[in-house]
Amino acid sequence: MSSKKILIVGGTGYLGQHLLQEFTATQNTLPYALSLAFTYHTNPPPERLLKAIPHALPFHVDLRTGNGFDVYEGTKSFYKEDDETLPVNVYGRSKVAAEQFISANYSNFAILRSSIIYGPQTVSPVPKSLPVQWMDSVLAKGEAMDFFHDEFRCPVYVKDLVTIIWTLTNKWISEKESMQLLLNVGGPDRVSRVQMAEAVAHTRGYNLSLIKSVSSSTVNRGVKSPADISMDITRLIQTLNMSPTSFRDGVKLTLEAEFASAS
């Protein structure tokens with residue numbers, strides 16, 4: 001049996017933990033031996049995570065990262081992969097630089113441009129605030145809260161993203177098929193923060209009057225954020241023959257998972 005190695009960078013983060021769990025769960029069903037490793041930075045991997053992925057090897061690596069993911073300028077809607085990238089902040093520019101380096105130096109790659117990632121909490125809870133859970137917690141208090149009506153994204157359900165990554169990885173390993181892919185990986189819905197909060201409210205039965213619509217220009221966040229980086233995911237759907245989870249359904253699945261884990 002042939003042996004393959006997979007390294008997940010940032011394995012203790014939100015997406016990293018979901019990937020590790022999926023890859024671990026499928027290890028025994030593969031026609032090849034899979035060696036799994038991951039990197040971490042700030043703290044050693046929590047015991048809960050290590051127990052969930054007993055055969056994955058951790059490595060301490062110091063990688064400098066930022067907040068947000070804006071590889072597009074944000075002046076129109078439903079960006080295609082071939083549209084010019086004009087990032088408006090340092091983190092976005094670093095992402096573009098990474099894409100350029102990979103495409104210039106490697107003949108076999110898949111670059112996935114992700115949107116806001118949401119979904120259930122990880123085995124070892126991440127310290128950052130998860131969007132759906134945060135909206136649920138503030139609306140549950142019964143107090144009015146401001147949400148932006150003029151920033152649009154295509155949030156992607158984390159389990160869809162994990163499936164996409166695993167499908168491409170397994171395709172490359174099993175079929176030994178060289179690929180040069182650049183894919184927008186967002187959900188099927190273009191939504192504002194107001195619309196995101198409304199989806200949570202509908203699922204939970206909260207009063208919609210708690211959601212106050214405001215412009216993003218009313219808040220100084222210390223970094224420029226693009227107004228609209230919604231994605232055209234036609235290429236993703238055609239390439240993998242998949243139907244990403246709608247935001248409403250993803251919110252329902254997320255909140256159901258949170259309720260189950262608390263029970």
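## Sheet and core, step by step

In this predicted model, Ile6 has Leu36 in E2 as its bridge partner. Let's build outward from that pair.

**Exercise 1.** Work out in which sense E1 and E2 pair, and over how many bridges.

*Solution.* Start with the two strands: E1 covers 3-8 and E2 covers 33-40. Now follow the bridges between E1 and E2: there are six, and the pairing is parallel.

**Exercise 2.** Find the strand order of the open sheet, then explain why E1 and E3 each have one side without a neighbour in it.

*Solution.* First, write down the order of the three strands: E1-E2-E3, paired in parallel. Next, look at the ends: E1 and E3 (57-60) sit at the edges with a single partner strand each, so one side of each has no neighbour in the sheet. Finally, check the twist: ignoring direction, neighbouring strands here are turned by 25° against each other on average.

**Exercise 3.** Track down the residues with the most contacts inside the largest nonpolar core, and say which element gives this core its largest share.

*Solution.* The core has 34 residues, and Ile6, Ile8 and Phe23 have the most contacts inside it. Then list the elements that give two or more residues: strands E1, E2 and E9 (180-185), plus helices H1 (14-26), H5 (158-175) and H7 (234-240). H5 wins, with eight residues, the largest share.

**Exercise 4.** Which residues does Phe23 touch, leaving out those up to four places away in sequence?

*Solution.* Go through the contacts in order: Ile6, Ile8, Leu34, Leu36, Ile165, Trp166 and Thr169. So much for Phe23; apart from the largest core lies another one, of 19 residues, including Tyr118, Val138, Val194 and Met196.

Note on methods
Residues are numbered from 1 along each chain as its sequence is written. This is a predicted model: local features need pLDDT of at least 70, side-chain atom pairs count only at pLDDT 80 or more; totals for chains, interfaces and linings use all residues. Side-chain values use heavy atoms; hydrogens and water are left out. A nonpolar core is a set of buried Ala, Val, Leu, Ile, Met, Phe, Trp, Tyr and Cys residues joined through side-chain atoms within 4.5 Å. Buried means under 20% relative accessible area, exposed over 50%, partly exposed in between (1.4 Å probe, protein chains only). Helices (H or I, at least four residues) and strands (E, at least two) are DSSP runs, numbered from the N terminus. Contact means heavy atoms within 4.5 Å. Two strands pair if DSSP finds at least two bridges between them. Axes are lines fitted to C-alpha atoms, for helices over the stretch in contact, and angles run from 0 to 180 degrees between N-to-C directions.
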